[in-house]
Amino acid sequence: MVSFGNDWDDLLVQEFKMDYYLKLRQFLIHEYKNYTIYPGMYDIFNALKFSSRSDTKVVILGQDPYHGEGQAHGLAFSVPAGIPSPPSLLNIFKELHEDLGCYIPNNGCLIPWAKQGVLLLNTALTVRANTPNSHRGKGWETFTDKVIELVNEKETPVVFLLWGSNAKVKINLIDTSKHLVLTAAHPSPLSASKGFFGCRHFSKTNSFLRQTGQPEINWQIPNI
């Protein structure tokens, strides 16, 4: 049984008994046994372990984990300290610099965001090495949609940052009359210049949090 160590334990306990998840679990057992899968099996649910539902103020939705060695550690867009920041993450840092004047850090570990209530959620939580989207359509989307729906049910307004077409379709799960939904192109080098750069989502997020009486996010990732 998966343990998050926070309110997700009670909120998701029934989800792990659903047929789709039992099938997903069998698929993952086979995949981890026969292939190199990222992240490591003990890091799959780190996004939910670091950010309880009650603490979640912002949701950043990714697609699936990084598929290169040592990059994925269960938080969307984040890499462990000591691993070079991938291009998409570097573009996020560039936008942060332009938007809020944050310096570009020497590491890409976004745990400081997660600890402030930024849920760094991928739509699929695992991937086969060097094979993006390889675990798409296996059941993860049903699970992560449930997570989004549970965050949507919060009384306190939440900011949802949906970058790219795969993330934008999730707007149908969100009550836009209560929560703030900000959409933009994906920060990858292929699309960042088509609407991600200049979106100013980080300052807009903090402005909304201020307006709703919530603490702002300190977006500056410290150097190590």
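**A walk through the predicted model**

Let me begin with strand β3, where both faces are covered: V118, L120 and N122 on one side, and L119 and L121 on the other, are all buried. Everything I describe today comes from a predicted model, so please hear each value as computed from that model. Taken as a whole, β3 is mostly covered, since five of its five residues are buried. As a general point, the side chains in a regular strand alternate between the two faces of the sheet, and I mention it because it helps in reading the two sides of this strand.

Let me now place β3 in its surroundings. The strand belongs to an open sheet of four strands, which are arranged in the order β3-β2-β5-β6 with parallel pairing. The edge strands are β3, covering residues 118-122, and β6, covering residues 180-184, and each of these pairs on one side only. From one strand to the next, the twist averages 20 degrees.

Which strand stands beside β3, and over how many bridges do the two pair? The partner is β2, and the two strands pair in the parallel sense over five bridges. If you follow the pairing residue by residue, you will find V59 standing opposite L119 in β3, and I60 standing opposite L120 in β3.

What lies across these strands? Helix α6, made of residues 140-152, lies across β2, β3 and β5, the last of these being residues 159-163, and the helix runs at about 155 degrees to β3.

From the sheet I would like to move to the loop between β2 and α4, where two residues deserve a moment. F77 has its place in this loop, and although F77 is not a glycine, it has a positive phi of about 75 degrees. Is F77 buried or exposed? With a relative accessible area of 8%, F77 falls under the 20% limit, and therefore counts as buried.

A81 lies in that loop as well, between β2 (58-62) and α4 (87-100). A81 counts as partly exposed because its relative accessibility is 47%. Leaving aside the neighbours within four places in sequence, A81 is in contact with C109 and I224. For the pair A81 and C109, the separation is 28 residues in sequence and 5.3 Å in space, taken from C-alpha to C-alpha.

Two further loop residues have backbone features to point out. R200, in the loop between β6 and α8 (201-211), has a phi near 55 degrees, which is a positive value in a residue other than glycine. R200 counts as partly exposed, because its relative accessibility is 40%. The other is P39, which lies in the loop between β1 (37-38) and α3 (46-50), and here the peptide bond from Y38 to P39 is cis, with omega near -10 degrees.

Next, let us look at Y20, which is found in helix α2. Y20 counts as buried because its relative accessibility is 16%. Setting aside its neighbours within four places in sequence, Y20 is in contact with E15, G139, T142 and F143. By contrast with those contacts, the C-alpha atoms of Y20 and T176, which are 156 residues apart along the chain, are separated by 28 Å.

I will finish with the pockets. Rolling a probe the size of a water molecule over the atoms shows where empty space is left. The largest pocket has a volume of about 490 Å³. Of the 15 residues that line this pocket, the closest to its centre are V2, Y21, R25, I44 and F45. Which helix gives the most to this lining? Helix α2, residues 19-34, does so, with five residues. Sorted by class, the lining of the largest pocket has twelve nonpolar residues, one polar and two charged.

The second largest pocket holds about 380 Å³ of space. It is lined by 24 residues, of which D64, P65, Y66, S88 and H186 are the closest to its centre. By class, this second lining has ten nonpolar, 13 polar and one charged residues.

How values were computed. Residues are numbered from 1 along each chain as its sequence is written. This is a predicted model: local features need pLDDT of at least 70, side-chain atom pairs count only at pLDDT 80 or more; totals for chains, interfaces and linings use all residues. Side-chain values use heavy atoms; hydrogens and water are left out. On a 1 Å grid over the protein atoms alone, a cavity is a set of points where a 1.4 Å probe fits but cannot get out, and a pocket is an open set with protein on both sides within 12 Å along at least five of seven lines; lining residues have an atom within 4 Å of a point. Grid points are joined across faces, edges and corners, and a volume is the space filled by probe spheres set on the points. Ala, Val, Leu, Ile, Met, Phe, Trp, Tyr, Cys and Pro count as nonpolar, Asp, Glu, Lys and Arg as charged, and the others, Gly among them, as polar. Buried means under 20% relative accessible area, exposed over 50%, partly exposed in between (1.4 Å probe, protein chains only). Contact means heavy atoms within 4.5 Å. Two strands pair if DSSP finds at least two bridges between them. Axes are lines fitted to C-alpha atoms, for helices over the stretch in contact, and angles run from 0 to 180 degrees between N-to-C directions.
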